[in-house]
Structures are given as C-alpha cells and as structure tokens.
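Open the model in your viewer with the sequence panel beside it, and follow the stops below in order, making a fresh selection at each one.

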Amino acid sequence: MPISPLDRSRLLEALALAEGSIGLTDPNPRVGCVVGHEDGRVLGRGATQRAGEAHAEVMALRDAAAAGHDLRGATAWVTLEPCAHHGRTPPCCDALVAAGIARVVVALGDPFPQVAGAGIARLRAAGVAVEMADAEVAEAARELNIGFLSRVQRGRPWVRMKIAASLDGRTALANGASQWITGPEARADGHAWRRRAGCVLTGIGTVLDDDPRLDVRLVPTALQPMRAVLDSRLRTPPGARLIPAPGRCLVYTASDDEGAAQALRAAGAEVRRHADPHGRVDLPAVLADLAGQGVNELHVEAGAGLNGAMLAAGLVDELLVYAAPLLLGEGRGMAALGPFETLAQGLRWHYVDAQRIGPDLRLRLRTESAAAM
C-alpha cells in the first residue's frame, strides 16, 4: 500500500533534517525524524547528533516533550529504520514504543547486523504499525547514507575521487603549477564534499609537491575528517602541514624504517604498515583498515599516480570532476592509466549529475557496479 502525500512530505522534511547532520554523526548514519499527527500537526523534530549522543528519534521525542505534547497515538516519520540494540545509546525503537507512538513510517531499512529488520520487528511486536516509503524517498535516504551502507554491506568506505582539471584534462602545468585551475566557488564546493567524508586521502607525491592541509576550511563543519597519506617509503616530512591539522593523520606505508616512523609519530601522525607483495602500500588493505575505524566515505584528492592505481584496481566508486573552461596544453593528467591498445580497455563510467559551480562545471560519475549498489 503506497504511503500518503503527508507521509511523503514528512519524510522529505526528515531527510532535510538528516542532511544537517553531515559532518557531525560519523561513523553513525545521518538520520532525521519528525513526529506528529496525521491531521498535519507536527509535534517534534530531530536529527542524529555526534556519535555517543542522541539519535534522531530521541531528539524528536525530546523536542515534543519540551513543548508539552502528548505523543500517544502519534506518527513518527524517520529516514532510517530505528535501531534495536544497545550501542552507545539505548534502542530507539524502545523509546518510540515508550512514548506511545502508534505508527512509524520508515524511509529505508538499516542493514547494520544488529538492526537489519529487528527494529521494525520490535515495533510491530509492540503493536506499532510500520510502513515503508516509496522507492524515490528510499533512494534519497540511501544516497544520504551511501557511505554507511557501503561500509556495512561491503566492508569498505564509499570512495569518491575529486579531480580539478582543465577542459583538456590537465590538473597542473608541466612545471607543477596548479593554483588555481578552478574558481573559488568550485573550491568551496570541494570542501563541502570533504566535509561529508570520514577521511581525506592523498599520496606522498601530493604531500611533497603541494604540502596540503586537507582539512575543511571553506565551509562550516562540526568535525574535521581524518587525513591519510599513502607513502610506501616513508618520505612524509614530520613538518608536513597535514599532520598537526585538527583531527587524526594516518600515514600508510610499506616501509619498515622504524626511525622514520618514530619521527612521524613524534610529530603526531599514526603510522600503519600494509605492504603488498610488490613493496607498495596494499590499497584494499587500507580501505579495510579505514572501514574498521568507522570511515563511511573516503574522499581522495591525489595526483595522477595514486589516482591511476586506485582506478585500475577498481577501488573508486564515484568521480567528482571540476572542469574549468580552460585549455592548458601540455601538463599533468588526471590519472596514470594504460597505455591501452583498444577503446574497449578504457574504464567506463556513468554520468550521475552535471552542475555549474561558478564558472566551472561539476561532473559526478559512477561505475556500473557502484550505481547498482
């Protein structure tokens, strides 16, 4: 049975609340909740807070209670299945039942093993009517938490690779100059995508060439993402600017040079060794390690070498390309791939979105397997 127009409207409102939790809730999902009556009255609203603090349902119940509302017989519209387990906080399904909520409309089921239908089952067992959203609303809820779903279902973060390039695909001049190919609007937009991520990843070449900070500065954020460097030979300078920036800094290496590792640890970095059989950093092992630390979305800003290695290994789910209306001729490319002998060997992507950002064009693309996740 399809949900009502009011249900759909309230779920979209809850999704807007959940979007306000971007940059706040990691590693938890971004969730919003609205409680009210089917006559149109809204009693409370809430969104998930920092990890260890209240979830969206509890925030909405508190909001309603603070206004003196009686919630018996009310409906809760929530963007993700209410949790059914004791983690850092008690189960949200129990809080809804205790408040007297009579009906819950859920945008998307939660695949987390300790939930995975148990929240809905417990609500129904307590006599609460539960209905699921239509496919369009469910898709919006999935997109909002695509990193959380990736980590839970695939055991690795959702990997988004950001590239700023000229129309002819150059990310820098031959001499390395790249500031700035794109305009200030695109740079701020890029920081908004950084804010979504639990970690920003780069390679040692970018660290040595540009000494980036890789933090979020151009948009407000409650939390700073971790920074990670892939550095097979431990060449990261202890004075690199990304080490002392707010939040953790990880250096992944294949080297057993303990002296260099100790110098980086003394500067505040964490050094982790994941070597593949060829003496390079093991890329799948890095993704698994980041997932184990609760990273839902991984934002990659690197040079052609690391970009090419990750793309060739099939480890990138989404491309975020800012194309400037500029031709640079000879220079550095987006990714070191090939050479291919046939067009069929090229890596095929699907366009998801194209949008003007200031004078530049932002393109979002996904692989076929990622689009079907």
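Does His 55 count as buried or exposed? Before selecting it, note that the model is a predicted one. At a relative accessibility of 18%, His 55 counts as buried, because the cut-off for that class is under 20%.

**His 55 and its surroundings**

Select His 55 in the loop that runs between strand S2 (42-47) and helix H2 (56-66). If neighbours within four places in sequence are set aside, the residues in contact with His 55 are Asn 28, Ala 47, Thr 48, Cys 83, Thr 89 and Cys 92.

**H2 against H3**

From the loop, move on to H2 and display it together with H3, whose axis lies 9 Å from that of H2 at an angle of about 25 degrees. H2 and H3 are therefore roughly parallel to each other, and their crossing is left-handed. To see the contact itself, show the side chains of Glu 57, Val 58 and Leu 61 on H2 together with Cys 92, Ala 95, Leu 96 and Ala 99 on H3. Coloured by class, the residues of this contact come out as 6 nonpolar, no polar and 1 charged.

**H3 against H4**

Keep helix H3 (residues 92-99) on screen and add helix H4 (residues 118-125), which packs against H3 at an angle of about 20 degrees with the two axes 9 Å apart. H3 and H4 are therefore roughly parallel to each other, since an angle under 35 degrees is counted that way. Here the crossing is right-handed. The residues to pick out are Cys 93, Asp 94, Leu 96 and Val 97 from H3, with Gly 119, Arg 122 and Leu 123 from H4. In this contact the residues divide into 4 nonpolar, 1 polar and 2 charged. Leu 96 deserves a label of its own, as it is listed in the contact of H3 with H2 and also in the contact of H3 with H4.

**A cis bond, then H7**

Next, go to the peptide bond between Gln 179 and Trp 180, which is cis, with omega at about 0 degrees. Most peptide bonds are trans, and most residues other than glycine have a negative phi. Trp 180 sits in the loop between strand S7 (170-173) and H7.

Continue along the chain into helix H7 (residues 184-196) and set a distance between its end C-alpha atoms, which are 19 Å apart; this agrees with the 18 Å that its 13 residues should span at 1.5 Å a residue. Then highlight the residues of H7 that are buried, namely Ala 186, Asp 189, Gly 190, His 191, Ala 192, Trp 193, Arg 194 and Arg 196.

**The loops on either side of S9**

Select Asp 211, in the loop between H8 and S9. With a relative accessible area of 28%, Asp 211 is partly exposed. Its C-alpha atom is separated by 7.4 Å from that of Leu 242, although the two are 31 residues apart along the chain. Apart from neighbours within four places in sequence, Asp 211 is in contact with Thr 206, Ala 240 and Arg 241.

In the loop between helix H8 (204-210) and strand S9 (226-230), find Leu 214. What is the sign of phi at Leu 214? Phi is positive there, near 60 degrees, in a residue other than glycine. Leu 214 counts as buried, at 3% relative accessibility.

Now cross to the loop between S9 and strand S10 (249-253), where Leu 234 is found. Phi of Leu 234 is also positive, near 55 degrees, and at 8% relative accessibility Leu 234 counts as buried.

**Asn 307 and the last cis bond**

Select Asn 307 in helix H11 (residues 304-312). Which residues does Asn 307 touch, not counting those up to four places away in sequence? They are Met 161, Ile 163, Val 300, Ala 302, Met 334 and Ala 335. Asn 307 has 1% relative accessibility and counts as buried. For a sense of distance, draw a line from its C-alpha to that of Gly 52, which is 35 Å away in space and 255 residues away in sequence.

Finish at the cis peptide bond that joins Gly 338 and Pro 339, where omega is about 5 degrees. Pro 339 lies in the loop between strand S14 (331-333) and strand S15 (350-357).

Methods
Residues are numbered from 1 along each chain as its sequence is written. This is a predicted model: local features need pLDDT of at least 70, side-chain atom pairs count only at pLDDT 80 or more; totals for chains, interfaces and linings use all residues. Side-chain values use heavy atoms; hydrogens and water are left out. Axes are lines fitted to C-alpha atoms, for helices over the stretch in contact, and angles run from 0 to 180 degrees between N-to-C directions. Helices (H or I, at least four residues) and strands (E, at least two) are DSSP runs, numbered from the N terminus. Angles under 35 degrees count as roughly parallel, over 145 as roughly antiparallel, 65 to 115 as roughly perpendicular and the rest as oblique. A crossing is left-handed if the near helix is turned anticlockwise from the far one by less than a right angle, and right-handed if clockwise. Contact means heavy atoms within 4.5 Å. Ala, Val, Leu, Ile, Met, Phe, Trp, Tyr, Cys and Pro count as nonpolar, Asp, Glu, Lys and Arg as charged, and the others, Gly among them, as polar. The expected span of a helix is 1.5 Å times one less than its number of residues. Buried means under 20% relative accessible area, exposed over 50%, partly exposed in between (1.4 Å probe, protein chains only).
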